[in-house]
Amino acid sequence: MTGTERRASASLAAIFALRMLGLFLVLPVFALEAARLPGGDDAARVGLAMGMYGLTQAFLQIPFGLASDRYGRKPTIVAGLLLFALGSGIAAWAPDLTWLTIGRAVQGAGAISAAVTAFLADVTRDGVRTKAMALVGASIALMFALSLVLAPLLAAAIGLAGIFALTGALALAGIAVVIWVAPPEPVVHKPSDMRQVRRGLGEALRHPGLLRLNLGVFVLHAVQLAMWMAVPALLVQAGLAKVDHWQVYLPAVVASLVVMGGVLFPMERRGKLRGVFLSAIGLIALVQLGLWWAASRSGGDGAAPGLWTLGLLMFVFFMGFNTLEASQPSLASRLAPVHARGAALGVYNTLQSVGFFVGGAVGGWLASAHGATGLFAVCGVAMLVWLVLAWPMRVPVLAGPTRH
């Protein structure tokens with residue numbers, strides 16, 4: 001990587017990390033803490049408040065991606081982080097569940113994922129872009145694991161309102177990184193008018209390779225969220241208290257990142273990215289089969305799987321997941337027309353947000369109606385369908401060095 005590429009990767013990974021840490025800190029404690037607010041005795045309304053962030057994200061990813069194509073990456077990212085901070089402030093102040101839901105909606109309105117990813121693609125060469133995206137993905141994975149450790153401690157010390165206030169402060173810190181740390185953005189990506197922006201969106205929506213990646217990111221994140229409707233219960237049945245689940249997640253995440261770094265980047269340099277990509281999908285499908293087996297043993301007469309078995313399954317899952325999280329946006333940015341990169345990544349991130357929403361809603365219904373075995377069986381089938389549809393994929397040839 002060049003100095004500019006390292007600076008861009010580190011600063012944009014920091015923006016993602018600051019924003020995602022704020023989001024993840026809320027997840028483990030939201031349902032319990034929100035129940036204490038007026039209106040919090042209605043589980044359906046609590047669920048709506050929780051999911052509202054994903055819904056507004058899904059609606060606004062494409063508009064923010066288009067705005068970043070037309071008006072620039074940095075102004076769009078700053079505007080999104082300001083909205084996120086405003087929503088965090090509303091949620092911190094919220095006197096009842098209605099205002100908390102409004103705060104979550106405003107948080108989600110700051111849909112900057114496409115703009116940040118497009119910015120990173122603008123300032124990195126094709127040959128190092130997967131590594132740059134992997135740094136972003138690693139920062140998100142580590143923030144998730146860290147949040148599992150910190151969230152219960154922060155909830156006890158400052159409550160849900162304090163966590164939302166901290167989330168807003170992290171968003172403001174992200175704005176400082178955008179303005180003073182991130183490198184200048186190139187201007188070549190900006191289209192001349194909105195007609196060209198709309199034409200670029202049409203190209204992104206019709207591109208077969210991008211359509212395949214959009215389907216993939218939807219399935220990946222639907223399965224990821226659905227899994228967590230049942231995995232914590234398996235860990236509890238294996239004898240690990242809820243507050244100690246990070247003891248499985250954190251080592252699994254860290255070890256998977258080490259293995260991914262030693263496999264993904266060398267294989268990409270050798271032109272083997274397609275094989276690694278398809279293998280990662282297959283690994284997650286095998287994990288779903290393993291979790292189905294674990295759930296069936298836990299509910300039957302046989303001995304329930306131990307923590308080492310579940311820890312190994314989590315390690316394999318995160319290895320596949322982090323590989324796909326690094327390679328998919330990199331591939332999307334390389335396939336997208338340069339003038340429509342923000343639009344293409346807006347569509348990509350919209351499908352990601354919809355995947356989160358569907359994974360939570362459908363995963364919860366499957367766990368309730370068919371148990372953990374039914375949930376993992378459906379997740380496994382979804383991964384196999386994706387594997388079949390992804391099989392014809394072609395990886396774009398790496399471009400030569402470019403100037404920034």
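## Around Met-314

Not counting its neighbours within four places in sequence, Met-314 is in contact with Met-227, Trp-228, Val-231, Val-248, Tyr-249, Ala-252 and Leu-291; contact here means heavy atoms within 4.5 Å. Before going further, keep in mind that this is a predicted model: local features need pLDDT of at least 70, side-chain atom pairs count only at pLDDT 80 or more, and totals for chains, interfaces and linings use all residues. Residues are numbered from 1 along each chain as its sequence is written, and side-chain values use heavy atoms, with hydrogens and water left out.

## The nonpolar cores

Met-314 also turns up in the largest nonpolar core, which has 118 residues. A core here is a set of buried Ala, Val, Leu, Ile, Met, Phe, Trp, Tyr and Cys residues joined through side-chain atoms within 4.5 Å. Buried means under 20% relative accessible area, exposed means over 50%, and partly exposed is what falls in between (1.4 Å probe, protein chains only). Which residues touch the most other members of this core? They are Phe-30, Leu-100, Phe-277, Ile-281, Leu-291, Met-314 and Trp-386. Helix 7 supplies the largest share of the core, 21 residues; helices are DSSP runs of H or I with at least four residues, numbered from the N terminus.

There is a second, separate core too, made of 5 residues, with Leu-201, Ala-340, Ala-343 and Val-347 among them. As background, nonpolar side chains in soluble globular proteins tend to be buried together.

## Helix 6 and the salt bridges

Helix 6 (residues 113–122) has 10 of its 10 residues buried, so the rest of the structure largely encloses it. Asp-122 is one of those buried residues, and its partner is Arg-73: the closest N and O atoms of that salt bridge are 2.7 Å apart. The pair joins distant parts of the chain, since Arg-73 is in helix 4 (residues 73–93) and Asp-122 in helix 6, 49 residues apart. For the record, a salt bridge is a side-chain nitrogen of Lys or Arg within 4 Å of a carboxyl oxygen of Asp or Glu. By that rule the count is 4.

Arg-73 doesn't stop there: its side chain meets that of Asp-69 in another salt bridge, at 2.9 Å from N to O. Asp-69, Arg-73 and Asp-122 are thus linked in a network of salt bridges. Asp-69 and Arg-73 are both buried, and Asp-122 is buried as well.

Another salt bridge pairs Arg-125 with Glu-5, with 2.7 Å between the closest N and O atoms. Arg-125 sits in the loop between helix 6 and helix 7 (126–180), while Glu-5 is in helix 1 (residues 3–26), so the pair ties together parts that are 120 residues apart in sequence. Glu-5 counts as buried, at 0% relative accessibility.

## Ser-68, next to the network

Ser-68 belongs to helix 3 (residues 43–71) and is buried, at 0% relative accessibility. Its side chain joins that of Arg-73 through a polar contact of 2.9 Å. That term covers a pair of N or O atoms within 3.5 Å; within protein, one must be able to donate a hydrogen and the other to accept it, and residues adjacent in sequence count only if both atoms are side-chain atoms. The C-alpha atoms of Ser-68 and Val-381 are separated by 37 Å, with their positions 313 residues apart along the chain.

## Helix 14, inside and out

Helix 14 (residues 341–390) gives 3 residues to a nonpolar surface patch, the most of any contributor. The patch is formed by Leu-215, Val-381, Val-385 and Leu-389, with about 320 Å² of accessible area together. Patch members have over 30% relative accessible area and no salt bridge; like charges are joined within 9 Å, and nonpolar side chains (Val, Leu, Ile, Met, Phe, Trp, Tyr) within 5 Å. The areas come from the Shrake-Rupley method with a 1.4 Å probe, and for residues only the protein chains shown count as cover. Leu-215 is in helix 9 (residues 208–227) and is partly exposed, at 33% relative accessibility.

Is Met-383 of helix 14 buried or exposed? Met-383 is buried, with a relative accessible area of 0%. Leaving out residues up to four places away in sequence, Met-383 touches Val-219, Val-223, Ile-281, Ile-284, Ala-285 and Gln-288.

Thr-350 is in helix 14 as well, and is buried with a relative accessible area of 11%. A polar atom of its side chain lies 2.8 Å from the backbone oxygen of Gly-346. Not counting residues up to four places away in sequence, Thr-350 touches Ala-58, Gln-61 and Ile-62.

Notes: Helices (H or I, at least four residues) and strands (E, at least two) are DSSP runs, numbered from the N terminus.
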